[in-house]
Amino acid sequence: MMGLPKMNKIYISDKEAIRNILADKRADKLPNFMFWIGAGFSADAGVRTAQNICNDIRDELFIEYEIDKSDAEKAGKWLVENLDWEDHSKRYMTCLQRFYPNEAKRNEFFHKILVDAQPSLSHYILALLMSNGYVKSTCLTTNFDHLIENAFTQQDIGRFQTVRTDEECIFWENRIDRAYIDKLQGDIDTQNVMNTRKETAKLSDAMANLFRDACHNSGLVVIGTAGNEKSVRKVFEELGDRVNKNPVSSFGLLWGVYMGSRKPLDLTESEIEKLLEVRIKETAINEEIINVIEDSTNGLYKFFPVWGAGNFMFDLIKDTKNDEMISKASQHLDHEMRLRFIYSNAGLTENAIEQHLENLRRQREKRDKYQPDQKNEIDLVLKARNEASNIEVRVLYGDIANKFYMRLDEFRNKRKAIVSPEDTCVSAGGGVAYSILLEAGQKALLNELAKFSPIEQNT
């Protein structure tokens, strides 16, 4: 069992971070924490990360300049000299400026890769938490996508306003009846995306003032950024300088560190700290940000682990104990997260859940490798008919999820149904049940199944 963190440590657990974020809301007070989200927050939505974009640009430039990437020494030297490849604070911005030197081209590129993106679980939950007063109604972001706005719109959960330009900063207010999405580095629609070194050197005066006002008497939860933009580092340095003078970020700074997609079981406090130290280096969190957190004198600035933004946000909303919000959020779970959720509600231990999920993964792998015969022919195994009741039973051999059978002419005017073999949690986790789920459409069907899970045996 994990003990309480020592006060002089700059690391806390994810559970401790959640407890801090929700502490005052549980006492029926106004929330104290506001979210700052970066590009990593959108990774679960399929948005390409900065590293993905850099890798693509690197490969294109290797072709253009005929760089032999099999010659690791020569290729590595070229990357350092031309793309600042070893400098995490410069690599992304240098790659973009080198490949898209024109601002209009950069805007066109980002509009193309973002315009059809859909919110992830993280965005839906953040919108729910903001609209229901569990966190501050303002969200700060360096992202220029529309994922949070779409999460509000698609869930129809309240009024919101996006602040994307200096001119729009005047519309921001510290209100609880309207959400604000403050885009500190522009938006693809207003075509003021800022991502080169010159563009991100500092926030405009209007955006900087908005940041200070929003952070007044507030705490910050930061997820999805390494803080490498100079403008970002400057505002966090300011928080560190002001913390003992003015109530700016006075409830603390909680900085999420991406640890991977799945949390290992039974981690001790010391093991989490060691993993955090390693991941802070591997994810290249900016050294100046680390200094701000290490140098804070009030003990409120901490790093905490994030095993996937979606996992953390779902743990956060579950801890609100608000059944209506949890139900809305669960509609956006992916298949495996839903299985974890329903197995946990059914009383299974973490170890039992992990073991069962691994068995289901193996079942799905077998299914994915299986290549069925595409002849769409029916093999009749057995046929029986009861003349008195006019009921005929036929046993056929084939793929039950194949829509071909349901379209046969002989069934055209008949009532048709597929019966799925299920466990008491109605999990559709593997085998035949999973095949039917894929054909029927996962999201719609999973939401229906969740209404009946778990089912008592012998009912």
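Which residues of α12 meet M325, I326, A329 and S330 in α13? The legends below start with that contact.

**View 1. Packing of helix α12 against helix α13.** This is a predicted model, in which local features need pLDDT of at least 70, side-chain atom pairs count only at pLDDT 80 or more, and totals for chains, interfaces and linings use all residues. Residues are numbered from 1 along each chain as its sequence is written, and side-chain values use heavy atoms, with hydrogens and water left out. F314, I317 and K318 are the α12 residues that meet the four named in α13 (contact: heavy atoms within 4.5 Å). This contact comprises five nonpolar residues, one polar and one charged (nonpolar: Ala, Val, Leu, Ile, Met, Phe, Trp, Tyr, Cys and Pro; charged: Asp, Glu, Lys and Arg; polar: the others, Gly among them). The axes of α12 (residues 309-318) and α13 (residues 323-330) are 9 Å apart, at an angle of about 155° (lines fitted to C-alpha atoms over the stretch in contact, with angles from 0 to 180 degrees between N-to-C directions). The two helices are therefore roughly antiparallel (over 145 degrees). Helices (H or I, at least four residues) and strands (E, at least two) are DSSP runs numbered from the N terminus.

**View 2. Surroundings of M313 in the largest nonpolar core.** This core has 43 residues, and L126 and M313 have the most contacts inside it (a core is a set of buried Ala, Val, Leu, Ile, Met, Phe, Trp, Tyr and Cys residues joined through side-chain atoms within 4.5 Å). Helix α6 gives the most to the core, with eight residues. Leaving aside residues up to four places away in sequence, M313 touches F35, F41, S122, I125, L126, L129 and I223. A second, separate core has 38 residues, including F236, V257, L267 and I280.

**View 3. Helix α7 and its cover.** L147, I148, E149, A151, F152 and Q155 of α7 (residues 147-155) are buried (under 20% relative accessible area, against over 50% for exposed and in between for partly exposed; 1.4 Å probe, protein chains only). Their cover includes α6 (121-131) and the strands β1 (33-37), β2 (138-141), β3 (160-163) and β4 (179-183). Just after the helix, D156 takes a positive phi of about 50°.

**View 4. Two loop residues with positive phi.** D84, not a glycine, has a phi of about 50° and lies in the loop between α3 (72-83) and α4 (91-99). With 23% relative accessibility, D84 counts as partly exposed. N390, also not a glycine, has a phi of about 60° and sits between β8 (379-386) and β9 (391-397). N390 is exposed, at 53%.

Conventions. Angles under 35 degrees count as roughly parallel, over 145 as roughly antiparallel, 65 to 115 as roughly perpendicular and the rest as oblique.
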